[in-house]
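Trainee: I should be grateful for a close look at one part of this model, followed by an account of how that part fits into its surroundings.

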Amino acid sequence: MTNVGQNLRINSARLWDSLMDMAKIGPGIAGGNNRQTLTDDDAEGRALFQTWCEAAGMSMGVDTMGNMFATREGTDPDALPVYMGSHLDTQPTGGKYDGVLGVLGALEAVRTMNDLGIKTKHPIVVVNWTNEEGTRFAPAMLASGVFAGKHTQDWAYDRVDAKGLKFGDELKRIGWVGDEEVGARKMHALFELHIEQGPILEAEGRDIGVVTHGQGLRWIECAVTGKESHTGSTPMPMRKNAGRGLALITELVHEIAMKHQPNSVGAIGHIDVYPNSRNIIPGKVVFTIDFRSHLQDVIDAMLEEFYARAPALCADIEVSLETEVVGQFDPPAFDEACVAAVRGAAEKLGYFHMDIVSGAGHDACWINDVAPTAMIMCPCVDGLSHNEAEDISPEWAAAGADVLLHAVLETAEVVG
């Protein structure tokens, strides 16, 4: 294998121009993007990405979930490809970099290889996964989940959006149903570049996050039931206030998460209050708890304490509690060799880096079950993401793409 020197860098200006050009498709109302999956804007973004890939000499394959795979040939036709990429879909009020940096940073890495005439033993594939965000069709990471065997394609096709439109019908409508069997591709490895979506790297002054683990999660839907009654005429000692049950459990969740620091979190998210009237004590509150950690035993411990204490809190105030796990994801530990390639690339290039746990789910978390996988993170301003004000610097983007390039070349084996 030919050693790739530390002076090898991507074209930062070209990467930034590509990010800004993609951001013109599906613009938001406040400077970000609204390019939700399987919309006309998604179709337009896909077409632009395909045009760029073909201009870079890559061939495009698409599977029946709409996942896009742009291939740069290797010198060994029997060698499994090294994959890199992320997603082009956004939140309804999303930023210009979440997911997109990972796809276009990967494209820029290939363009740089082309500029310098670099050949690799293993083919290299740039991937755009369908519906990572899950904002229009739940759950998130839907198509990579089908690829990894977590969901069936039929189940995924039947997911509906808020208007009752089905995923499979919308994928067909925008013209991006491919002919490849989902999951039939085999991978030598996969690398995903992503913005951190949190404040740690910026606060620590680091250029690069070397992602060692993803966070696992449990979503628990809770229904606290009391008794609706008039807020003015019901004496305090005689109330069965479901809202108070919500308040007590909110504090319990916070307390449990704080006991399991660092890297463990817990919060109440979605809340529905019934009847939700100013002068009626809530008779029922339905809400979702989100517990996360990168360690399975910590998730188990948080759940054990919650189930041990929450029912008693509710019983003490004469309301009932019902619970159901409505989402779960075991924490992935990324491949040690791939993580080492990322860390080694950052060190060789002189970037100030640190190990980090991904606080959000990513396509790489599913693919980690079927292929050696690692992630690279760059900072984002104030840790802000899933917001049109999401921001990164060209220097941060370039550093992430540089590390991606070197980690992939190390793994794909430069020849010649």
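Leaving aside its neighbours within four places in sequence, which residues is Phe-191 in contact with?

Mentor: The model is a predicted one, and the description that follows should be read in that light. Once neighbours within four places in sequence are set aside, Phe-191 is in contact with Val-82, Tyr-83, Met-84 and Gly-85, with Cys-338, Ala-341 and Val-342, with Ala-374, and with Leu-404, Ala-407, Val-408 and Thr-411.

These contacts belong to a wider setting. The largest nonpolar core has 101 residues, and Phe-191 is listed with Met-84 and Leu-104 as having the most contacts inside it. Helix 12, residues 394-412, supplies the largest share of this core, namely 12 residues. In soluble globular proteins, nonpolar side chains tend to be buried together. A second core, separate from this one, has 23 residues, among them Val-285, Phe-291, Met-302 and Leu-303.

The sheet comes next. It is open and has 8 strands in the order 1-2-5-3-6-15-7-14, with mixed pairing. Its edges are strand 1 (59-62) and strand 14 (353-358); each has a single partner strand, so one side of each is left without a neighbour in the sheet. From one strand to the next the twist averages 25 degrees. At one edge, strand 14 pairs with strand 7 (residues 208-214) in the parallel sense over 6 bridges; within this pairing, Ile-208 has His-353 of strand 14 as its bridge partner.

Two helices can be placed against this sheet. Helix 3 (residues 100-116) packs on it, touching strand 2 (68-72), strand 3 (82-86), strand 5, strand 6 (189-195) and strand 15 (373-378), and its direction makes about 135 degrees with that of strand 3. Helix 12 lies across strand 3, strand 5, strand 6, strand 7 and strand 15, and runs at about 175 degrees to strand 6.

Helix 9 (residues 296-316) may be considered in turn. Its 21 residues should span 30 Å at 1.5 Å a residue, and the end C-alpha atoms are 31 Å apart, which agrees. The buried residues of helix 9 are Val-298, Ile-299, Met-302, Leu-303, Glu-305, Phe-306, Ala-310 and Cys-314. They pack against strand 8 (216-225), helix 8 (242-259), strand 10, strand 12 (284-293) and strand 13 (320-329). Of these buried residues, Met-302 and Leu-303 are included in the second core. After helix 9 comes Glu-318, with a positive phi near 65 degrees.

Some details of the backbone remain. Most residues other than glycine have a negative phi, and most peptide bonds are trans. Leu-38, although not a glycine, has a positive phi of about 60 degrees; it is placed in the loop between helix 1 (12-23) and helix 2 (40-55). Leu-38 counts as buried because its relative accessibility is 0%, under the 20% limit. Asn-276 likewise is not a glycine and has a positive phi, of about 65 degrees. Asn-276 is found in the loop between strand 10 and strand 11, and it counts as exposed because its relative accessibility is 63%, over the 50% limit. Pro-275 also has its place in the loop between strand 10 (265-274) and strand 11 (280-281), and a cis peptide bond with omega of about 0 degrees joins Tyr-274 to Pro-275. Another cis peptide bond, with omega of about 5 degrees, joins Ala-138 and Pro-139; Pro-139 lies in the loop between strand 5 (124-128) and helix 4 (142-147).

Technical notes
Residues numbered from 1 in each chain as written. Predicted model: local features only at pLDDT ≥ 70, side-chain atom pairs only at ≥ 80, totals over all residues. Heavy atoms only, no water. Helix = DSSP H or I, 4+ residues; strand = E, 2+ residues; numbered from the N terminus. Buried < 20%, exposed > 50% of the residue type's maximum accessible area, 1.4 Å probe, protein only. Core = buried A, V, L, I, M, F, W, Y, C linked by side-chain atoms within 4.5 Å. Contact = heavy atoms within 4.5 Å. Pairing = 2+ DSSP bridges. Axes fitted to C-alpha atoms, helices over the stretch in contact; angles between N-to-C directions. Expected span 1.5 Å × (residues − 1).
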